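Let's take a walk through a protein model together, one region at a time. Keep the 3D view open as you read, and turn it whenever a new part comes up.

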Amino acid sequence: MTTTTAPIDDPLAPLLAELLERKHCDFRGYARPSLERGVERARAALGVASVDELAALVCRDPAALTTMARALTTSVSELFRDPSYFRAWRDEVMPLLATYPSIRVWVAGCGAGEEAYSIAVILAEAGLLDRALVYATDIDEHALAVAASGAYPAERLPAFERNYRAAGGRARLSDHVRIDGATLHFDAHLRARVSCSEHSLSTDGAFAEVHAVSCRNVLIYFARELRDRALALFLDALCPRGVLGLGATESLALSEHGGRFHPFVAAERLYRRA
Ligand SMILES: C[S@@+](CC[C@H](N)C(=O)[O-])C[C@H]1O[C@@H](n2cnc3c(N)ncnc32)[C@H](O)[C@@H]1O
């Protein structure tokens, strides 16, 4: 993971200041390459030739500012993305969660909710959903609206089913969804257990006490200081021996908080809080 931050005389600084002031989104601690890729996406989407033109446009046009914010936060995902990670949740994390009378899981940077519903399905199949709550948080209000609806294009079902089975699913994913025309809806009992809200790992404080955190493909966008901030929030939120799961290319290496977690399922980037 890269740790490069923006230089002081940064040409992106006016854009980042605008996003902070008007959208309360603090992108200053993001890794430089992901910021630059996001700015390029925004420039292309808005049809402007330079970063200066982009800065001028987002200053006068609120819709352009929203486009810019969305371009910096890609929320592309899948259900049971990286199936072996979710297989480890099924086989290793569920037996731990089963020891708690009520279960709270925080999916931080949940995008449009696919990761949260994957965990909700596994909780349901482990017989734990009725005493569980999955908090799904993100800074992208559009993605959160999709997550809260629990509705996805039905054409994605075959790919979701494949991932579900590769992740150790023994029934059928379609047992948990209803198809209505071109839309797939997660069942109401799953949706009721997934609670979606805005929360920024850059600017917000600690979250409710939880037994597990899954934060995948988010820290990769952050430079080191912001990654450490997020990990400090997870430490605050997790109960002793609680589980932390990261993305396939993320790790605690180089973090000042690395020593506060022990490997749990190392190959799947699952850790337990000390
Ligand atoms: C690539 S998506 C990952 C989605 C999901 N976790 C997964 O792995 O499939 C990255 C998500 O991180 C969110 N994100 C970026 N910066 C964030 C921040 N400061 N606080 C919370 N979420 C953030 C983005 O909005 C986006 O939805």
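Before we start, one term will help: two strands are said to pair if DSSP finds at least two bridges between them. Keep in mind, too, that this is a predicted model.

With that term in hand, look at strand E4 and strand E5 (residues 183-186), which are joined by four bridges and run antiparallel. Across this pairing, Arg178 sits opposite His185 in E5. The two strands belong to an open sheet of three strands, in the order E3-E5-E4, with antiparallel pairing. Strand E3 (151-153) and strand E4 (177-180) are the edge strands, as each pairs on one side only. From one strand to the next, the twist averages 30 degrees. What holds such strands side by side? Strands of a sheet pair through backbone hydrogen bonds, in either a parallel or an antiparallel way.

Now go back towards the start of the chain and find helix H1 (residues 13-23). Its buried residues are Leu15, Leu16 and Leu19. Viewed down the axis of H1, these buried residues fall within an arc of 95 degrees, so they line one face of the helix. And what covers the buried residues of H1? The cover includes helix H2 (32-46), helix H3 (51-60) and helix H4 (62-72). Just after H1 comes His24, which has a positive phi, near 55 degrees.

Next, let's look inside. The largest nonpolar core has 84 residues, and those with the most contacts inside it are Val107, Ala116, Ala120, Val134 and Val213. Helix H6 (residues 114-125) gives the most to this core, with seven residues. Domain 1 (13-72) and domain 2 (83-273) each supply at least three residues to this core. To get a feel for the surroundings of one core residue, select Val134: leaving out residues up to four places away in sequence, Val134 touches Val105, Val107, Ala116, Ile119, Ala120, Arg193, Val194 and Ser195.

Our last stop is Arg273, in strand E10 (residues 270-273). Is Arg273 buried or exposed? Arg273 has 21 C-beta neighbours inside 10 Å, and because 20 or more make a residue buried, Arg273 counts as buried. Its contacts beyond four places in sequence include Leu235, Leu238, Arg241, Gly242, Arg260 and Phe261. Another of these contacts is Pro240. Arg273 and Pro240 are 33 residues apart in sequence, yet 5.9 Å apart in space, C-alpha to C-alpha.

Methods
Residues numbered from 1 in each chain as written. Predicted model: local features only at pLDDT ≥ 70, side-chain atom pairs only at ≥ 80, totals over all residues. Buried ≥ 20, exposed ≤ 12 C-beta atoms within 10 Å, placed from the backbone. Arc of directions from axis to C-beta. Contact = placed C-beta atoms within 7 Å. Core = buried A, V, L, I, M, F, W, Y, C linked by C-beta atoms within 7 Å. Domains from an automatic or database assignment. Axes fitted to C-alpha atoms, helices over the stretch in contact; angles between N-to-C directions.
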